[in-house]
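Work through the exercises below with the coordinates open. Try each task before reading its solution.

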Amino acid sequence: MRANRKTWSPALLVSAVLLLAACGGNVVEESSLEASGIGTVEGEANSPIYDRARAYAAANPKRDGGSWNQWCGSLMVRFGQLPDSAVRPTAIEAYRASRIVSTNASTALIGAFHWWDIGSAGHVGADLNGGGGTVFMATYNLSQSWGDAIGVNSVSGYSSKTGARYLGWSMDYAGGRIAGGGGSPGGSLPQTSTEFDGIPGEIYYKRIQTVGQRDFGYTGPIDGVTGPNTEKVRVRITARELNNRGGPRTSAQEDGIPGAIYWTRVQTVGRSFGYTGPIDGVPGPATYKAEHRICGYAVNRAF
């Protein structure tokens, strides 16, 4: 998208450039929202920036009476209250004026900007909880819709839906930053007592989901409610802790599927967590309790 070549007053120039903070090229994106992904992500893992984004979307479900689609840069500028000096005509131009910290989305801090190469104008979103799992953006390619092409998706979710090439994350948007950014993912969550009593609860599962977003591609909500995806992540986190403590190695770290080696390792490592049953690779109530304690130990030290 280009600006008309004509003379502008300074005030009109700033206004026009704000309108030109577009993204995604000239082709309008078609909606690919999954009904199962619509909803909210509530809970203690959500940052103040997440809460601000929710409030902003509730107050601005449309952009100046129209759709937010193709206006990702404009959303960043308006939501982030970025200075006029940060405004660029397109997301890709803002990317070129920003300092990329890493191309590993899982290491992104709260308030980071994620960048993609797509179309002629690129795409950008703001990380609300850190780790690339909950990214505020203007597009129809969302996992959760908060308005007309405004909502959230994960870095991996947006990339897979659109085929866009991920370029990395920065803490600045052409020199502008979101106030209050810079915290680590899950920093507001307390420790889980599951490490000590082996009883899973809401905080335990929120920590699993938070670590899952950062390390294992989990794209579901941080709501403390377990389900198939959360359980798979739980096994992978536990397996990683087991593998870090020696062998034989369990492949459950990669596939989330517990087998005989996994359960034998849980029982062996479980000796340090109060397990006194046999080392036979057959799970039972005492083995499951040890498993939860090991996972609780791991997520308490993950952030």
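## Exercise 1: A salt bridge with one buried end

Glu 241 is buried, with a relative accessible area of 14%. Note that the model is a predicted one.

Task: find the side chain that meets Glu 241 in a salt bridge, and compare the burial classes of the two.

Solution.
- Step 1. Start from the carboxylate. The partner of Glu 241 is Arg 245, at 2.8 Å from N to O.
- Step 2. Apply the cut-off. A salt bridge needs the two atoms within 4 Å, and the pair at 2.8 Å qualifies.
- Step 3. Classify each end. Buried means under 20% relative accessible area, so Glu 241, at 14%, is buried. Arg 245 has 36% and is partly exposed.

## Exercise 2: A buried arginine

Task: Arg 236 is buried; state what its charged surroundings look like and which backbone atom lies by its side chain.

Solution.
- Step 1. Locate the residue. Arg 236 sits in helix H8, residues 228–244.
- Step 2. Look for an opposite charge. The nearest is Glu 254, at 6.4 Å, and Arg 236 has no salt bridge. The limit for a salt bridge is 4 Å.
- Step 3. Check what Glu 254 does instead. Glu 254 forms a salt bridge with Arg 249, with closest N and O atoms 2.7 Å apart. Glu 254 is partly exposed at 44%, and Arg 249 is partly exposed at 47%.
- Step 4. Turn to the backbone. The oxygen of Phe 216 lies 3.5 Å from a polar atom of the Arg 236 side chain.
- Step 5. List the contacts. Leaving out residues up to four places away in sequence, Arg 236 touches Phe 216, Ala 252, Gln 253, Glu 254 and Gly 256.

## Exercise 3: Sheet topology

Task: give the strand order of the open sheet, then identify the edge strands.

Solution.
- Step 1. Write the order. Seven strands run S1-S7-S2-S3-S4-S6-S5, with antiparallel pairing.
- Step 2. Read off the edges. S1 (100–102) and S5 (144–145) each have a single partner strand, so one side of each lacks a neighbour in the sheet.
- Step 3. Check the S1 edge. Two bridges join S1 to S7 (residues 165–170). Ser 102 is paired with Trp 169 there.
- Step 4. Move to S3. On one side, S3 pairs with S2 (residues 113–117) over four bridges, antiparallel. Trp 115 has Val 124 as its bridge partner. S2 and S3 form a hairpin with five residues between them, and Gly 119 in the turn has a positive phi of about 60 degrees.
- Step 5. Take the S4 side. Two bridges join S3 to S4 (residues 135–138), again antiparallel, with Asp 127 partnered by Val 135.
- Step 6. Ask about burial. Five of the five residues of S3 (123–127) are buried, so the strand is largely enclosed by the rest of the structure.

## Exercise 4: Core and helix H3

Task: which residues have the most contacts inside the largest nonpolar core, and how enclosed is H3?

Solution.
- Step 1. Find the core. The largest one has 34 residues, and Leu 75, Phe 113, Phe 136 and Tyr 173 have the most contacts inside it.
- Step 2. Trace the suppliers. H2 (48–59), H3 (72–80), H4 (91–96), S2, S3, S4 and S6 (150–153) each give at least two residues.
- Step 3. Note the separate core. It has 14 residues, including Leu 142, Ala 164, Tyr 166 and Trp 169.
- Step 4. Examine H3. Eight of its nine residues are buried, so the helix is largely enclosed by the rest of the structure. Among the buried ones are Cys 72, Leu 75, Met 76 and Phe 79.
- Step 5. Look at Arg 78. Arg 78 is partly exposed, at 27%. Arg 78 bridges to Asp 64, with the closest N and O atoms 3.1 Å apart. Asp 64 lies in the loop between H2 and H3, 14 residues from Arg 78. At 58%, Asp 64 counts as exposed.
- Step 6. Extend the pair. Arg 63 joins Asp 64 and Arg 78 in a network of salt bridges.
- Step 7. Close at the helix end. Just after H3, Gln 81 has a positive phi of about 50 degrees.

Technical notes. Residues are numbered from 1 along each chain as its sequence is written. This is a predicted model: local features need pLDDT of at least 70, side-chain atom pairs count only at pLDDT 80 or more; totals for chains, interfaces and linings use all residues. Side-chain values use heavy atoms; hydrogens and water are left out. Buried means under 20% relative accessible area, exposed over 50%, partly exposed in between (1.4 Å probe, protein chains only). Lys and Arg count as positive and Asp and Glu as negative; His and the chain ends are not counted. A polar contact is a pair of N or O atoms within 3.5 Å; within protein, one must be able to donate a hydrogen and the other to accept it, and residues adjacent in sequence count only if both atoms are side-chain atoms. Contact means heavy atoms within 4.5 Å. Two strands pair if DSSP finds at least two bridges between them. A nonpolar core is a set of buried Ala, Val, Leu, Ile, Met, Phe, Trp, Tyr and Cys residues joined through side-chain atoms within 4.5 Å.
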